[in-house]
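Here's a walk through one chain, taking in its charged pairs, its backbone oddities, its nonpolar packing and its cysteines. Have the sequence and the 3D view side by side as you read.

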Amino acid sequence: MKLKLNKLNIISLDKPYPPDYGGVIDIYYRILSLKELGIKICLHSFYEVSDDNHREIPHIENYFYPRKTGIQGLAFRTPYIVHSRRSEKLIDRISSSKGPILFEGLHSCFYLDHPALKNRKKIVRLHNIEWDYYLQSSYSESIFWK
């Protein structure tokens, strides 16, 4: 099967290497499969500030961005898991690069509707049934700001 896709930007909710838990195992092996098909991958990954081990996936472009945790990650209209994964460097790099953008998980969708990306092909790959999980979780929380 020959694809016409030359380059793909992937925004990952977490560093997928080493693939050591469910969500990143899936992302890691998808990247390897796409690479085997001859697609150039540009990977953008978020990480926890306490985890400074930035291990790159060999032979692809790797960029790492710290999550904005604590108060920096809070917003009234955006879920914490999304709002904490934003970076000016990321939007600058993504908007100046070519190729479609794959948002891995709801977590990585902060820039989905950003004006700089309005003419770009975008794909969102939801993991499990995230939207339902977070909706149901919100019903069980009695403190408004949480």
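## A bridge between two strands

Let's start with K7 and E61: they form a salt bridge, and their closest N and O atoms sit 3.8 Å apart. Keep in mind that this is a predicted model. The two partners come from distant parts of the chain, with K7 in strand β1 (residues 7-12) and E61 in strand β3 (residues 61-66), 54 residues apart.

How covered are the two ends? K7 is buried, at a relative accessible area of 19%, which means it falls under the 20% cut-off. E61 is partly exposed, with a relative accessible area of 23%.

## More charged pairs

How many salt bridges does the count come to? The total is 6 salt bridges. As a reminder of the chemistry, side chains of opposite charge can pair when their charged atoms come close.

Another of these pairs is D26 with R125, whose side chains meet at 3.3 Å, N to O. This one also ties together distant parts of the chain: D26 belongs to helix α1 (residues 22-36) and R125 to strand β5 (residues 122-125), 99 residues apart. D26 is partly exposed at 30% relative accessibility, and R125 is partly exposed with a relative accessible area of 30%.

Then there's R67, whose side chain meets that of E48 in a salt bridge at 2.7 Å, N to O. Both residues are in loops here: R67 in the one between β3 and α2 (80-83), E48 in the one between β2 (40-47) and β3, and they are 19 residues apart. R67 counts as buried at 11% relative accessibility, whereas E48 is partly exposed at 34%. Elsewhere, shared partners join the salt bridges of D26, R30, E104 and R125 into one network.

## Two backbone spots to check

Which peptide bond is cis, with omega near 0 degrees? Look at the one from Y17 to P18. P18 is in the loop between β1 and α1.

H59 also deserves a look, with a positive phi of about 70 degrees although it isn't a glycine. For context, most residues other than glycine have a negative phi, and most peptide bonds are trans. H59 is in the loop between β2 and β3, and it is exposed, with a relative accessible area of 74%.

## The nonpolar cores

On to the packing. The largest nonpolar core has 13 residues, and L8, I10, I31, I41 and L43 have the most contacts inside it. Three elements, β1, α1 and β2, give two or more residues each to this core. Which element gives the most to this core? That's α1, with 4 residues.

L43 is a handy residue to click on. Leaving aside residues up to four places away in sequence, L43 touches I10, S12, P16, I31, I57, I60, E61, N62 and Y63. So that list includes two of the residues named above for the core, I10 and I31, and also E61, the salt-bridge partner of K7.

There's a second, separate core as well, made of 11 residues, including F46, L90, I101 and F103.

## Cysteines that stay apart

How many disulfides does a search of the whole structure find? The answer is 0. A disulfide is a covalent bond between the sulfur atoms of two cysteines. Why doesn't C42 have one? The closest cysteine sulfur to its own is in C109, 17 Å away, so the gap is too far for a bond.

Seen from the other end, the closest cysteine sulfur to that of C109 is in C42. Both residues are tucked away from the surface by the accessibility count: C42 is buried at 2% relative accessibility, and C109 is buried at 13%.

## A nonpolar patch outside

Finally, the surface. I71, L74 and Y80 form a nonpolar patch there, with about 320 Å² of accessible area together. Within this patch, L74 lies in the loop between β3 and α2, and L74 counts as partly exposed at 46% relative accessibility. R67 is in that loop too, but R67 counts as buried.

Definitions and conventions. Residues are numbered from 1 along each chain as its sequence is written. This is a predicted model: local features need pLDDT of at least 70, side-chain atom pairs count only at pLDDT 80 or more; totals for chains, interfaces and linings use all residues. Side-chain values use heavy atoms; hydrogens and water are left out. A salt bridge is a side-chain nitrogen of Lys or Arg within 4 Å of a carboxyl oxygen of Asp or Glu. Buried means under 20% relative accessible area, exposed over 50%, partly exposed in between (1.4 Å probe, protein chains only). A nonpolar core is a set of buried Ala, Val, Leu, Ile, Met, Phe, Trp, Tyr and Cys residues joined through side-chain atoms within 4.5 Å. Contact means heavy atoms within 4.5 Å. A disulfide is a pair of cysteine sulfur atoms within 2.5 Å. Patches are made of residues with over 30% relative accessible area and no salt bridge: like charges are joined within 9 Å, nonpolar side chains (Val, Leu, Ile, Met, Phe, Trp, Tyr) within 5 Å. Accessible areas come from the Shrake-Rupley method with a 1.4 Å probe; for residues, only the protein chains shown count as cover.
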